[in-house]
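Please keep the model open in your viewer and follow the stops below in order, selecting the residues as they are named.

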Amino acid sequence: MTDSSDANKERNREIARNEEAKQVTGSIRVSISAVAVVVIVGGILFTLGWLALK
């Protein structure tokens, strides 16, 4: 009985590690997307400001 319990615990640990890796990957994707949006919006605002001053 302890063998199946230990196997379940190890399986749960492996699942937790996999879920953590997925969360990290998702967080990185969100961060990259946020930075890309900020760069694009910043570029547009800079261009509009430059054109307004010209």
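A residue counts as buried when its relative accessible area is under 20%, as exposed when that area is over 50%, and as partly exposed in between. The model on your screen is predicted, and each value given on this tour is computed from it.

**Stop 1: Ser-4**

Select Ser-4, which is found in helix 1. With a relative accessibility of 44%, Ser-4 falls between the two cut-offs and therefore counts as partly exposed. Keep Ser-4 selected and add Ala-34, which lies 30 residues away in sequence, and let the viewer draw the line between the two C-alpha atoms, which spans 45 Å in space.

**Stop 2: the whole chain**

Now zoom out until the whole protein is in view, and colour by secondary structure: there is one helix, and there are zero strands. The radius of gyration is 23 Å, well over the 10 Å that the globule rule gives for 54 residues, so the protein is more spread out than a compact globule. If you align the view with the principal axes, the C-alpha atoms fill a box of roughly 80 × 5 × 5 Å.

How many of the 54 residues count as buried, as a percentage? The share is 0%. Switching on the surface shows an accessible area of about 5000 Å², of which 66% belongs to carbon and sulfur atoms.

**Stop 3: the charged side chains**

Colour the side chains by charge next, and you will find 7 positive and 6 negative ones, with the centres of the two sets lying 13 Å apart. Side chains of opposite charge can pair when their charged atoms come close. A search of the whole structure finds four salt bridges, and the next selection, made up of Glu-10, Arg-13, Glu-14 and Arg-17, is linked in a network of such bridges.

Begin with Glu-10, which is partly exposed at a relative accessible area of 39%. Its side chain meets that of Arg-13 in a salt bridge, with a distance of 3.5 Å from N to O. Arg-13 and Glu-10 are three residues apart in helix 1, which covers residues 2–53, and so about one helical turn separates them. Arg-13 is itself partly exposed, its relative accessible area being 45%.

Stay on Glu-10 and turn towards Arg-17, since here too a salt bridge is formed, the closest N and O atoms being 3.3 Å apart. Arg-17 is partly exposed, with a relative accessible area of 41%.

Which side chain meets Arg-17 in a salt bridge of 2.8 Å, N to O? Select Glu-14, whose side chain makes that contact with Arg-17. These two residues, Glu-14 and Arg-17, are also three residues apart in helix 1, and about one helical turn lies between them. Glu-14, at a relative accessible area of 37%, is partly exposed.

**Stop 4: a nonpolar patch**

Finally, move along to Val-37, Ile-40, Val-41, Ile-44, Leu-45 and Leu-48, and show them as a surface: they form a nonpolar patch, with about 580 Å² of accessible area together. Centre the view on Ile-40, which lies in helix 1. Is Ile-40 buried or exposed? Its relative accessible area is 54%, and because the cut-off for exposed is over 50%, Ile-40 counts as exposed.

Terms used
Residues are numbered from 1 along each chain as its sequence is written. This is a predicted model: local features need pLDDT of at least 70, side-chain atom pairs count only at pLDDT 80 or more; totals for chains, interfaces and linings use all residues. Side-chain values use heavy atoms; hydrogens and water are left out. Helices (H or I, at least four residues) and strands (E, at least two) are DSSP runs, numbered from the N terminus. Buried means under 20% relative accessible area, exposed over 50%, partly exposed in between (1.4 Å probe, protein chains only). Patches are made of residues with over 30% relative accessible area and no salt bridge: like charges are joined within 9 Å, nonpolar side chains (Val, Leu, Ile, Met, Phe, Trp, Tyr) within 5 Å. Accessible areas come from the Shrake-Rupley method with a 1.4 Å probe; for residues, only the protein chains shown count as cover. The radius of gyration is taken over C-alpha atoms; the globule rule is 2.2 Å times the number of residues to the power 0.38. Lys and Arg count as positive and Asp and Glu as negative; His and the chain ends are not counted. The place of a charge is taken as NZ of Lys, CZ of Arg, CG of Asp or CD of Glu.
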